[in-house]
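Reader: Please take a close look at one part of this structure and describe it in a connected account, with the cut-offs behind each term.

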Amino acid sequence: MTSETITADAAGTWTLGDLTVNRIGFGAMRLTGSAAFHHGTPSDRQRSIAVLRKAIELGVNHVDTAAFYFSSLRSANEIINSALSPYPDDLVIAAKVGPFRDYTGEWGTSARPEDLRGHVEENLRQLGRDHLDLVYLRRMRQESVAEHFGALAELRDKGLIRHLGISDVEPRHLAEAQAIAPVVSVQNRFGLDSRNRVTDEMLRICGEQGIAFVPFYAIAGDAGPEGATTAHDEAVLAVARAHGATPAQVRLAWTLAQGPHILAIPGTGNPDHLVENIAAGALRLTDDELDTLNSLHQKAG
(Lines give C-alpha, C1' and ligand atoms only; values in the text may rest on other atoms or scores of the structure.)
Protein backbone atom coordinates (compact mmCIF):
# COMPACT_ATOMS: atom_id res chain seq x y z
CA MET A 1 0.00 0.00 0.00
CA THR A 2 1.10 3.58 -0.69
CA SER A 3 0.18 4.93 2.70
CA GLU A 4 1.44 8.50 2.32
CA THR A 5 -1.24 9.45 -0.23
CA ILE A 6 -4.24 8.02 1.62
CA THR A 7 -6.47 10.21 3.78
CA ALA A 8 -9.12 9.40 6.37
CA ASP A 9 -12.02 9.78 3.95
CA ALA A 10 -10.93 6.59 2.16
CA ALA A 11 -12.93 4.56 4.69
CA GLY A 12 -16.14 6.53 4.07
CA THR A 13 -18.21 8.53 6.55
CA TRP A 14 -20.85 8.08 9.24
CA THR A 15 -23.15 10.52 11.01
CA LEU A 16 -23.18 10.90 14.79
CA GLY A 17 -26.48 12.63 15.34
CA ASP A 18 -25.99 15.69 13.13
CA LEU A 19 -22.19 15.41 12.96
CA THR A 20 -20.53 13.70 9.98
CA VAL A 21 -17.17 12.05 10.63
CA ASN A 22 -14.74 9.96 8.64
CA ARG A 23 -14.85 6.33 9.73
CA ILE A 24 -11.13 6.35 10.55
CA GLY A 25 -10.60 8.54 13.58
CA PHE A 26 -7.96 8.85 16.29
CA GLY A 27 -7.83 7.57 19.86
CA ALA A 28 -5.83 9.79 22.22
CA MET A 29 -4.89 7.15 24.81
CA ARG A 30 -1.41 6.56 23.38
CA LEU A 31 -0.49 10.25 23.12
CA THR A 32 0.76 10.33 26.69
CA GLY A 33 3.39 7.61 26.75
CA SER A 34 4.86 4.39 25.41
CA ALA A 35 1.83 2.69 26.93
CA ALA A 36 -1.43 3.99 28.35
CA PHE A 37 -2.03 5.48 31.79
CA HIS A 38 0.80 4.82 34.27
CA HIS A 39 2.35 2.11 32.09
CA GLY A 40 5.50 2.83 30.08
CA THR A 41 7.35 6.14 29.92
CA PRO A 42 5.92 9.60 29.16
CA SER A 43 5.88 10.62 25.52
CA ASP A 44 7.84 13.40 23.87
CA ARG A 45 5.32 16.23 24.00
CA GLN A 46 6.30 17.84 20.71
CA ARG A 47 6.13 14.50 18.92
CA SER A 48 2.62 13.89 20.25
CA ILE A 49 1.56 17.36 19.12
CA ALA A 50 3.01 16.64 15.68
CA VAL A 51 1.10 13.34 15.47
CA LEU A 52 -2.20 15.10 16.19
CA ARG A 53 -1.57 17.84 13.66
CA LYS A 54 -0.62 15.23 11.06
CA ALA A 55 -3.84 13.37 11.78
CA ILE A 56 -5.86 16.50 11.02
CA GLU A 57 -3.85 17.07 7.83
CA LEU A 58 -4.75 13.54 6.76
CA GLY A 59 -8.46 14.19 7.22
CA VAL A 60 -9.14 12.84 10.70
CA ASN A 61 -12.13 14.70 12.14
CA HIS A 62 -13.06 12.40 15.04
CA VAL A 63 -10.85 12.31 18.14
CA ASP A 64 -11.65 10.14 21.15
CA THR A 65 -10.23 11.17 24.52
CA ALA A 66 -10.79 11.32 28.29
CA ALA A 67 -9.56 13.35 31.25
CA PHE A 68 -8.21 10.13 32.78
CA TYR A 69 -5.85 9.65 29.82
CA PHE A 70 -2.67 10.91 31.44
CA SER A 71 0.80 9.68 32.36
CA SER A 72 3.14 11.05 35.02
CA LEU A 73 4.02 14.05 32.80
CA ARG A 74 1.48 14.17 29.97
CA SER A 75 -2.25 14.80 29.60
CA ALA A 76 -4.00 13.75 26.39
CA ASN A 77 -6.54 16.57 26.67
CA GLU A 78 -3.83 19.18 27.24
CA ILE A 79 -1.91 17.92 24.22
CA ILE A 80 -5.08 18.03 22.09
CA ASN A 81 -5.75 21.60 23.23
CA SER A 82 -2.18 22.73 22.52
CA ALA A 83 -2.02 21.00 19.14
CA LEU A 84 -5.43 21.77 17.67
CA SER A 85 -6.95 24.86 19.32
CA PRO A 86 -8.53 26.84 17.76
CA TYR A 87 -10.30 23.69 16.64
CA PRO A 88 -11.35 23.01 13.05
CA ASP A 89 -15.08 23.51 12.54
CA ASP A 90 -15.63 19.90 11.45
CA LEU A 91 -13.65 18.30 14.29
CA VAL A 92 -15.71 16.07 16.60
CA ILE A 93 -14.18 15.46 20.02
CA ALA A 94 -15.63 12.59 22.04
CA ALA A 95 -14.87 12.13 25.74
CA LYS A 96 -15.62 9.38 28.26
CA VAL A 97 -16.72 9.96 31.84
CA GLY A 98 -17.30 7.64 34.77
CA PRO A 99 -13.85 6.25 35.64
CA PHE A 100 -11.58 8.38 37.81
CA ARG A 101 -7.84 8.58 38.47
CA ASP A 102 -6.35 10.73 41.23
CA TYR A 103 -3.30 12.97 40.91
CA THR A 104 -0.95 10.05 41.53
CA GLY A 105 -2.49 8.11 38.67
CA GLU A 106 -4.22 5.57 40.90
CA TRP A 107 -7.73 4.52 39.96
CA GLY A 108 -10.29 5.88 42.36
CA THR A 109 -13.95 5.15 43.01
CA SER A 110 -15.99 5.52 39.83
CA ALA A 111 -18.35 8.46 39.61
CA ARG A 112 -21.72 8.69 41.23
CA PRO A 113 -24.36 10.42 39.08
CA GLU A 114 -23.85 13.69 40.97
CA ASP A 115 -20.12 13.55 40.17
CA LEU A 116 -20.57 13.47 36.40
CA ARG A 117 -20.94 17.21 35.94
CA GLY A 118 -17.50 17.61 37.48
CA HIS A 119 -16.11 14.98 35.10
CA VAL A 120 -17.62 16.77 32.10
CA GLU A 121 -16.37 20.16 33.27
CA GLU A 122 -12.84 18.80 33.81
CA ASN A 123 -12.77 17.66 30.17
CA LEU A 124 -14.07 21.07 29.08
CA ARG A 125 -11.38 22.90 31.07
CA GLN A 126 -8.56 20.74 29.78
CA LEU A 127 -9.74 20.95 26.18
CA GLY A 128 -10.57 24.66 26.36
CA ARG A 129 -14.12 24.20 25.11
CA ASP A 130 -17.55 25.27 26.28
CA HIS A 131 -19.28 22.07 25.16
CA LEU A 132 -18.37 18.49 24.26
CA ASP A 133 -19.55 17.07 20.93
CA LEU A 134 -20.05 13.55 22.28
CA VAL A 135 -19.82 12.15 25.80
CA TYR A 136 -19.81 8.45 26.62
CA LEU A 137 -20.95 7.10 29.93
CA ARG A 138 -18.42 4.36 30.64
CA ARG A 139 -20.29 1.73 32.64
CA MET A 140 -18.30 0.65 35.67
CA ARG A 141 -19.94 -2.69 36.46
CA GLN A 142 -23.20 -1.15 37.69
CA GLU A 143 -26.32 -3.16 36.82
CA SER A 144 -28.31 -0.11 35.73
CA VAL A 145 -27.06 2.92 33.77
CA ALA A 146 -30.30 4.89 34.12
CA GLU A 147 -29.31 7.22 36.95
CA HIS A 148 -25.87 8.01 35.51
CA PHE A 149 -27.14 8.40 31.95
CA GLY A 150 -29.98 10.58 33.18
CA ALA A 151 -27.43 12.92 34.79
CA LEU A 152 -25.63 13.26 31.45
CA ALA A 153 -28.94 13.85 29.65
CA GLU A 154 -29.54 16.80 31.99
CA LEU A 155 -26.13 18.21 31.05
CA ARG A 156 -27.04 17.79 27.39
CA ASP A 157 -30.23 19.78 27.99
CA LYS A 158 -28.08 22.51 29.55
CA GLY A 159 -25.84 22.72 26.49
CA LEU A 160 -22.65 21.22 27.95
CA ILE A 161 -22.97 18.12 25.76
CA ARG A 162 -24.21 17.80 22.19
CA HIS A 163 -24.66 14.02 21.84
CA LEU A 164 -24.57 11.00 24.16
CA GLY A 165 -23.04 7.55 23.94
CA ILE A 166 -22.48 4.57 26.23
CA SER A 167 -19.49 2.28 26.69
CA ASP A 168 -18.85 -1.27 27.94
CA VAL A 169 -22.52 -2.16 27.79
CA GLU A 170 -24.98 -4.91 26.96
CA PRO A 171 -28.18 -4.60 24.89
CA ARG A 172 -30.28 -4.08 28.04
CA HIS A 173 -28.19 -1.03 28.93
CA LEU A 174 -28.71 0.46 25.47
CA ALA A 175 -32.49 0.06 25.79
CA GLU A 176 -32.36 1.57 29.27
CA ALA A 177 -30.43 4.62 28.04
CA GLN A 178 -32.62 5.09 24.97
CA ALA A 179 -35.67 5.38 27.22
CA ILE A 180 -34.02 8.52 28.63
CA ALA A 181 -32.32 10.21 25.64
CA PRO A 182 -31.00 9.37 22.15
CA VAL A 183 -27.83 7.30 21.96
CA VAL A 184 -25.69 8.02 18.88
CA SER A 185 -22.77 5.72 19.63
CA VAL A 186 -21.72 2.61 21.56
CA GLN A 187 -18.11 1.93 22.48
CA ASN A 188 -17.15 -1.62 23.48
CA ARG A 189 -14.02 -3.73 23.31
CA PHE A 190 -13.98 -5.57 19.99
CA GLY A 191 -11.33 -6.93 17.69
CA LEU A 192 -10.31 -9.78 15.45
CA ASP A 193 -8.98 -11.91 18.31
CA SER A 194 -11.36 -10.63 21.00
CA ARG A 195 -14.77 -12.26 20.85
CA ASN A 196 -17.61 -11.64 23.25
CA ARG A 197 -21.06 -12.85 22.22
CA VAL A 198 -22.75 -9.93 23.98
CA THR A 199 -20.57 -7.42 22.13
CA ASP A 200 -21.20 -9.19 18.82
CA GLU A 201 -24.91 -8.79 19.55
CA MET A 202 -24.38 -5.11 20.37
CA LEU A 203 -22.64 -4.62 17.04
CA ARG A 204 -25.60 -6.17 15.22
CA ILE A 205 -28.19 -4.13 17.13
CA CYS A 206 -26.31 -0.89 16.49
CA GLY A 207 -26.21 -1.65 12.77
CA GLU A 208 -29.95 -2.28 12.68
CA GLN A 209 -30.70 0.94 14.56
CA GLY A 210 -28.21 3.18 12.75
CA ILE A 211 -26.08 3.71 15.85
CA ALA A 212 -22.31 4.02 15.51
CA PHE A 213 -20.26 1.18 17.01
CA VAL A 214 -16.79 2.31 18.08
CA PRO A 215 -14.48 -0.57 19.09
CA PHE A 216 -11.52 -0.02 21.37
CA TYR A 217 -8.34 -2.14 21.41
CA ALA A 218 -9.09 -3.28 17.84
CA ILE A 219 -5.34 -3.40 17.13
CA ALA A 220 -4.02 -3.92 20.64
CA GLY A 221 -5.88 -7.18 21.16
CA ASP A 222 -4.93 -8.92 24.40
CA ALA A 223 -2.16 -6.35 25.00
CA GLY A 224 -4.85 -3.74 25.76
CA PRO A 225 -3.40 -0.56 27.28
CA GLU A 226 0.15 -1.86 26.88
CA GLY A 227 0.02 -1.23 23.12
CA ALA A 228 -0.46 -3.10 19.85
CA THR A 229 -0.24 -6.87 19.97
CA THR A 230 2.72 -8.61 18.33
CA ALA A 231 0.95 -11.99 18.29
CA HIS A 232 -0.49 -12.45 14.81
CA ASP A 233 -2.08 -15.58 13.43
CA GLU A 234 -0.50 -16.91 10.24
CA ALA A 235 -3.73 -16.16 8.38
CA VAL A 236 -3.41 -12.47 9.31
CA LEU A 237 0.21 -12.45 8.19
CA ALA A 238 -0.73 -14.09 4.87
CA VAL A 239 -3.40 -11.46 4.17
CA ALA A 240 -0.92 -8.73 5.06
CA ARG A 241 1.66 -10.13 2.64
CA ALA A 242 -0.92 -10.38 -0.14
CA HIS A 243 -1.73 -6.67 0.17
CA GLY A 244 1.72 -5.37 1.03
CA ALA A 245 0.19 -4.23 4.31
CA THR A 246 0.99 -4.57 8.00
CA PRO A 247 -0.89 -6.95 10.33
CA ALA A 248 -2.26 -3.91 12.16
CA GLN A 249 -3.71 -2.59 8.89
CA VAL A 250 -5.35 -5.95 8.24
CA ARG A 251 -6.91 -5.90 11.71
CA LEU A 252 -8.29 -2.42 11.12
CA ALA A 253 -9.57 -3.28 7.64
CA TRP A 254 -11.35 -6.36 9.01
CA THR A 255 -12.87 -4.27 11.80
CA LEU A 256 -14.22 -1.66 9.37
CA ALA A 257 -15.58 -4.43 7.13
CA GLN A 258 -17.93 -5.59 9.91
CA GLY A 259 -20.40 -2.84 9.00
CA PRO A 260 -20.69 0.70 7.64
CA HIS A 261 -21.57 1.91 11.14
CA ILE A 262 -18.17 0.87 12.56
CA LEU A 263 -15.89 3.79 13.45
CA ALA A 264 -12.24 2.97 14.10
CA ILE A 265 -10.23 5.02 16.61
CA PRO A 266 -6.68 3.59 16.46
CA GLY A 267 -4.27 5.48 18.66
CA THR A 268 -0.54 6.01 18.40
CA GLY A 269 2.24 8.38 19.34
CA ASN A 270 4.26 7.33 16.29
CA PRO A 271 3.88 9.42 13.09
CA ASP A 272 4.62 6.45 10.82
CA HIS A 273 2.05 4.27 12.55
CA LEU A 274 -0.47 7.10 12.25
CA VAL A 275 -0.05 7.17 8.47
CA GLU A 276 -0.37 3.38 8.29
CA ASN A 277 -3.50 3.36 10.45
CA ILE A 278 -5.25 5.94 8.30
CA ALA A 279 -4.22 4.11 5.13
CA ALA A 280 -5.96 0.97 6.43
CA GLY A 281 -9.22 2.70 5.56
CA ALA A 282 -8.42 2.10 1.88
CA LEU A 283 -7.58 -1.59 2.31
CA ARG A 284 -10.31 -3.76 0.78
CA LEU A 285 -10.22 -7.42 1.77
CA THR A 286 -11.53 -10.08 -0.60
CA ASP A 287 -14.54 -12.21 0.30
CA ASP A 288 -12.27 -15.21 0.84
CA GLU A 289 -9.97 -13.18 3.11
CA LEU A 290 -12.95 -11.94 5.12
CA ASP A 291 -14.28 -15.50 5.46
CA THR A 292 -10.90 -16.65 6.78
CA LEU A 293 -10.61 -13.79 9.24
CA ASN A 294 -14.23 -14.12 10.32
CA SER A 295 -13.52 -17.75 11.16
CA LEU A 296 -10.59 -16.64 13.33
CA HIS A 297 -12.88 -14.26 15.17
CA GLN A 298 -15.49 -16.95 15.73
CA LYS A 299 -12.86 -19.15 17.35
CA ALA A 300 -11.50 -16.39 19.58
CA GLY A 301 -12.28 -16.38 23.28
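Author: The account below follows one helix, then the pocket beside it, the core and some backbone details.

The model is predicted, and for that reason local features are given only at pLDDT of at least 70 and side-chain atom pairs only at pLDDT 80 or more, while totals for chains, interfaces and linings use all residues. Residues are numbered from 1 along each chain as its sequence is written, and side-chain values use heavy atoms, with hydrogens and water left out.

The part chosen is helix H3 (116-127); helices (H or I, at least four residues) and strands (E, at least two) are DSSP runs numbered from the N terminus. H3 has 12 residues and spans 17 Å from its first C-alpha to its last, close to the 16 Å expected at 1.5 Å a residue; the expected span is 1.5 Å times one less than the number of residues. After H3 comes Gly 128, with a positive phi near 70 degrees.

Buried residues of H3 are Leu 116, His 119, Val 120, Asn 123, Leu 124, Gln 126 and Leu 127, where buried means under 20% relative accessible area, exposed over 50% and partly exposed in between (1.4 Å probe, protein chains only). An α-helix has 3.6 residues a turn, so residues three or four places apart point the same way. The cover over the buried residues of H3 includes strand E4 (62-66), helix H2 (76-84), E5, strand E6 (132-138), helix H4 (146-157) and strand E7 (161-167).

Within H3, His 119 counts as buried because its relative accessible area is 16%. Leaving aside residues up to four places away in sequence, His 119 touches Val 97, Gly 98, Pro 99, Phe 100 and Ala 111; a contact means heavy atoms within 4.5 Å.

H3 also gives the most to the lining of the second largest pocket, with 5 residues. On a 1 Å grid over the protein atoms alone, a pocket is an open set of points with protein on both sides within 12 Å along at least five of seven lines, and lining residues have an atom within 4 Å of a point. This second largest pocket has a volume of about 420 Å³, the space filled by probe spheres set on the points, which are joined across faces, edges and corners. Of its 17 lining residues, Ala 67, Phe 100, Arg 101, Glu 122 and Gln 126 lie nearest the centre. Strand E5 (92-97) and H3 are the elements that give two or more residues to this lining.

Val 120 of H3 is also among the residues with the most contacts inside the largest nonpolar core, which has 83 residues; the others named are Ile 80, Leu 152, Ile 166 and Val 186. Apart from that core lies another, of 13 residues, among them Leu 16, Leu 134, Ala 212 and Ile 265. A nonpolar core is a set of buried Ala, Val, Leu, Ile, Met, Phe, Trp, Tyr and Cys residues joined through side-chain atoms within 4.5 Å.

Turning to the backbone, most residues other than glycine have a negative phi, and most peptide bonds are trans. Ser 85 and Pro 86 are joined by a cis peptide bond, with omega about 0 degrees, and Pro 86 lies in the loop between H2 and E5. Asp 168, not a glycine, has a positive phi of about 60 degrees and is found in the loop between E7 and helix H5 (171-178).

Key
On a 1 Å grid over the protein atoms alone, a cavity is a set of points where a 1.4 Å probe fits but cannot get out, and a pocket is an open set with protein on both sides within 12 Å along at least five of seven lines; lining residues have an atom within 4 Å of a point.
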